[in-house]
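Reader: I should like to learn how the features of a model are read, step by step. Could we proceed from the overall fold to single residues?

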Amino acid sequence: MPKLSPLRLGELSHEIAAATRPVTTLEKFLAQEIAYASWELERVRANTQNAAAETSLNAAYNRATRNWNRARKELGKLQSARVNHATRL
């Protein structure tokens with residue numbers, strides 16, 4: 001599967017960080033995971049015409065989707081907990 005530009009991964013990282021505003025190290029890690037999963041999804045979409053690689057593309061798509069959803073869910077939980085904790089103080 002052809003690689004997308006590493007610059008695109010950097011762009012996605014900045015966009016996701018701006019959208020999610022991570023504060024802690026763990027939040028930043030999860031935001032980076034979301035960016036990487038988004039980049040992987042773009043790679044799969046860019047290669048949808050490659051019928052010979054359909055099985056590996058499906059596996060990559062499923063993996064990236066699961067990683068994106070997991071990281072987004074965990075990041076949301078962490079950020080909600082942080083805000084709720086600050087509100088209680």
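Author: The dialogue below goes from the whole chain to its helices and then to particular residues. Please keep in mind throughout that this is a predicted model.

Reader: How many helices and strands does the protein chain have, and what pattern does it follow along the sequence?

Author: One begins with an inventory of secondary structure. The protein chain has 3 helices and 0 strands, and its pattern along the sequence is α-α-α. The radius of gyration is 15 Å, well over the 12 Å that the globule rule gives for 89 residues, so the chain is more spread out than a compact globule. Along the principal axes, the C-alpha atoms fill a box of roughly 55 × 25 × 15 Å.

Reader: What share of the 89 residues in the protein chain is buried, and what is the accessible surface of the chain?

Author: Buried residues account for 29% of the 89. The accessible surface comes to about 6,100 Å², and 57% of that surface belongs to carbon and sulfur atoms. Contacts add a further view: among those between residues at least 6 apart in sequence, 71% join residues at least 24 apart.

Reader: Turning to single helices, what span does H1 reach from its first C-alpha to its last, against the span expected?

Author: The general idea is to set the end-to-end distance beside the expected one. H1 covers residues 6-20, and its 15 residues reach 21 Å, close to the 21 Å expected at 1.5 Å a residue. H2, with 22 residues, reaches 31 Å, close to an expected 32 Å.

Reader: Which residues of H1 are buried, and which are exposed?

Author: Here one looks at burial and then at direction around the axis. Leu9, Leu12, Ser13, Ile16 and Thr20 are buried in H1. Seen down the axis of H1, the buried residues fall within an arc of 105 degrees, so they line one face of the helix. Leu7, His14 and Ala18 are exposed on the other side of H1.

Reader: What does serine 13 touch, leaving aside residues up to four places away in sequence?

Author: Serine 13 touches Gln32 and Ala35. This residue of H1 has a relative accessible area of 18% and is therefore buried, the cut-off being under 20%.

Reader: What is the sign of phi at arginine 21, which follows H1?

Author: The general expectation comes before the case. Most residues other than glycine have a negative phi. Arginine 21, although not a glycine, has a positive phi of about 50 degrees. Arginine 21 is found in the loop between H1 and H2 and is exposed, with a relative accessible area of 63%.

Reader: Is arginine 43 buried or exposed, and with which side chain does its own side chain make a polar contact?

Author: For a charged side chain, one may read accessibility and partners together. Arginine 43 is placed in helix H2, residues 25-46, and counts as buried at 11% relative accessibility. Its side chain makes a polar contact of 2.9 Å with the side chain of glutamate 40. Both Glu40 and Arg43 appear among the buried residues of H2, a list that also includes Leu30, Ile34, Trp39 and Val44.

Reader: Where is asparagine 62 placed, and what separates its C-alpha atom from that of leucine 41?

Author: Asparagine 62 is in helix H3, residues 54-88, and is partly exposed, with a relative accessible area of 39%. The C-alpha atoms of asparagine 62 and leucine 41 are separated by 9.1 Å, while the two residues are 21 apart along the chain.

Terms used
Residues are numbered from 1 along each chain as its sequence is written. This is a predicted model: local features need pLDDT of at least 70, side-chain atom pairs count only at pLDDT 80 or more; totals for chains, interfaces and linings use all residues. Side-chain values use heavy atoms; hydrogens and water are left out. Helices (H or I, at least four residues) and strands (E, at least two) are DSSP runs, numbered from the N terminus. The expected span of a helix is 1.5 Å times one less than its number of residues. Buried means under 20% relative accessible area, exposed over 50%, partly exposed in between (1.4 Å probe, protein chains only). The arc is that of the directions from the helix axis to the C-beta atoms. The radius of gyration is taken over C-alpha atoms; the globule rule is 2.2 Å times the number of residues to the power 0.38. Contact means heavy atoms within 4.5 Å. Accessible areas come from the Shrake-Rupley method with a 1.4 Å probe; for residues, only the protein chains shown count as cover. A polar contact is a pair of N or O atoms within 3.5 Å; within protein, one must be able to donate a hydrogen and the other to accept it, and residues adjacent in sequence count only if both atoms are side-chain atoms.
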